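This report walks through one chain, from a surface patch to its sheet and its salt bridges. Please keep the sequence and the model side by side while reading.

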Amino acid sequence: VTITTRMLVSHLSGIRHYEKDITKVKEEKEKVNRALKLTKSHQDKEQKEKEGKEIEKTDCVKHKKEHGSETKSRHSKPGRSDKEFEQEEYYLKEKFESVIESLKIFKNDPLFFKPGDQFLYSTYGFTLLSAVVERASGQKFTDYMLKMFRDLDMLSTVLDDNEAMIYNRARCYIYNKKGRLVNAPYVDNSYKWAGGGFLSSVGDLLKFGNALLYSYQAGQFKNRNSKLLPGYLKPGTVAMMWTPVPKTEVSWDRDGKYAMAWAVVEKNQQYGCCRQQRHYASHTGGAVGASSVLLILPEELDPEALGAWPEAPPRGVIVTIICNMQSVSLSSTALKIAREFDKEKRAQ
């Protein structure tokens, strides 16, 4: 088989995640798909009801109950049962000297499917991706990333190195089986720098979001202001990164698809004066004792009015939340915050 860099960045490679048993992975995916179908079925019936079609009351009550159960599980409190965190590899304590060395964890394991055929979120896919970056750049992956963070003025973003003295490093927490708050266990994340090995701050993640949003919008302001500096990335590159990839899915946002290292929701409105879906990109993060989210909601620019706008990019809302507690669902909260700020901006 052939695995491309694009397959890796969109989780279509077939490389496993933490779970080694493909049967368990399939069962979990089927369970999630059933829950999503029940939710969609309930939403479709609600829409038909609005259009004046008759629906049996018993069916409606049944689907509401199933939908409520699924919603409850998605927004459950910290300490909920999270099967992913039951995997042993989450708690590795071995120190790896390079990303090439860390490939030994999974390099001899079989692929779960033919590359390009299915979506499976894989931290190890990004470990392989970091090895590609290392070979292509001719530098250690960690050195390459730290230089990039410096260029982006993200001076508080560093490797989560247990031995290093890191100013203001937060202590991480988890809920134990009895529901009590305890310190998170010791782990060494050197086996997955690209998939969860960096420490950052809210301020740095906002800088990262601004740099991406600026790059995305800079091309639209080009004719208006020739003195505008170029973005860190080309506008077309960010647009490509934020374009949904076929056969992908997103567990934390049922409206979205996966793109290139980002979950993306496309602009969509089917009916007048009804639910409107805005274009935004986001990603959540989960580690032992920590949870995070970064969401970018670009402002909808009118090309004809650009010349009248006094403000240059970035234009939009960026929300980031970092929590030093494990298994906290933050994506819906981030979207609510973004919408409130966007509503306030439009009202001005």
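Ile 3 lies in the segment before α1 (5-9). Helices here are DSSP runs of H or I of at least four residues, strands are E runs of at least two, and both are numbered from the N terminus. Ile 3 is partly exposed, at 32% relative accessibility. The classes are these: buried is under 20% relative accessible area, exposed is over 50%, and partly exposed is in between, with a 1.4 Å probe and protein chains only. Together with Val 1 and Leu 111, Ile 3 makes a nonpolar surface patch of about 270 Å². Such patches take residues with over 30% relative accessible area and no salt bridge; nonpolar side chains (Val, Leu, Ile, Met, Phe, Trp, Tyr) are joined within 5 Å, like charges within 9 Å.

The model is predicted: local features need pLDDT of at least 70, side-chain atom pairs count only at pLDDT 80 or more, and totals for chains, interfaces and linings use all residues. Residues are numbered from 1 along each chain as its sequence is written, and side-chain values use heavy atoms, with hydrogens and water left out.

**The chain as a whole**

The secondary structure comes to ten helices and nine strands. Of the 348 residues, 37% are buried. The chain exposes about 20900 Å², and carbon and sulfur atoms supply 52% of that area. Accessible areas come from the Shrake-Rupley method with a 1.4 Å probe; for residues, only the protein chains shown count as cover. Among contacts between residues at least 6 apart in sequence, 65% join residues at least 24 apart. A contact means heavy atoms within 4.5 Å.

**The sheet**

Five strands form an open sheet in the order β5-β6-β7-β8-β9, with antiparallel pairing. β5 (257-258) and β9 (316-323) are the edge strands; each has a single partner, so one side of each is left without a neighbour in the sheet. Two strands pair if DSSP finds at least two bridges between them.

β6 (residues 263-265) runs antiparallel to β7, and three bridges join them. Val 265 stands opposite Tyr 280 in β7. β7 (residues 280-287) and β8 (residues 290-298) pair over seven bridges, also in the antiparallel sense. Here Thr 284 faces Val 293 in β8. β7 and β8 form a hairpin with two residues between them, and Gly 289 in the turn has a positive phi of about 85 degrees.

Two helices lie across these strands. α8 (residues 202-218) crosses β8 and β9, at about 150 degrees to β9. α10 (residues 331-347) lies across β7, β8 and β9, also at about 150 degrees to β9. Axes are lines fitted to C-alpha atoms, for helices over the stretch in contact, and angles run from 0 to 180 degrees between N-to-C directions.

**Salt bridges**

Side chains of opposite charge can pair when their charged atoms come close. The structure holds 16 salt bridges. The criterion is a side-chain nitrogen of Lys or Arg within 4 Å of a carboxyl oxygen of Asp or Glu. Among them are these three:

| Pair | Closest N to O distance |
|---|---|
| Glu 94 and Lys 104 | 3.4 Å |
| Arg 278 and Glu 300 | 3.5 Å |
| Asp 342 and Arg 346 | 3.3 Å |

Arg 278 lies in the loop between β6 and β7 and Glu 300 in the loop between β8 and β9, so their bridge ties together parts 22 residues apart in sequence. Arg 278 is buried, at 11% relative accessible area. Glu 300 is partly exposed, at 36%.

Asp 342 and Arg 346 are four residues apart in helix α10, about one helical turn. Asp 342 is buried, with a relative accessible area of 11%. What links these two pairs? A network of salt bridges joins Lys 267, Arg 278, Glu 300, Asp 342 and Arg 346.

As for the first pair in the table, Glu 94 is partly exposed at 37% relative accessible area. Lys 104 is partly exposed at 45%.

**Backbone exceptions**

Most residues other than glycine have a negative phi, and most peptide bonds are trans. His 11 has a positive phi of about 60 degrees. His 11 sits in the loop between α1 and α2 (22-50) and is buried, at 2% relative accessible area. Asn 168 has a positive phi of about 65 degrees. Asn 168 lies in the loop between β1 (158-159) and β2 (173-175) and is exposed, at 65%.

The peptide bond from Pro 313 to Pro 314 is cis, with omega near 5 degrees. Pro 314 is found in the loop between β8 and β9.
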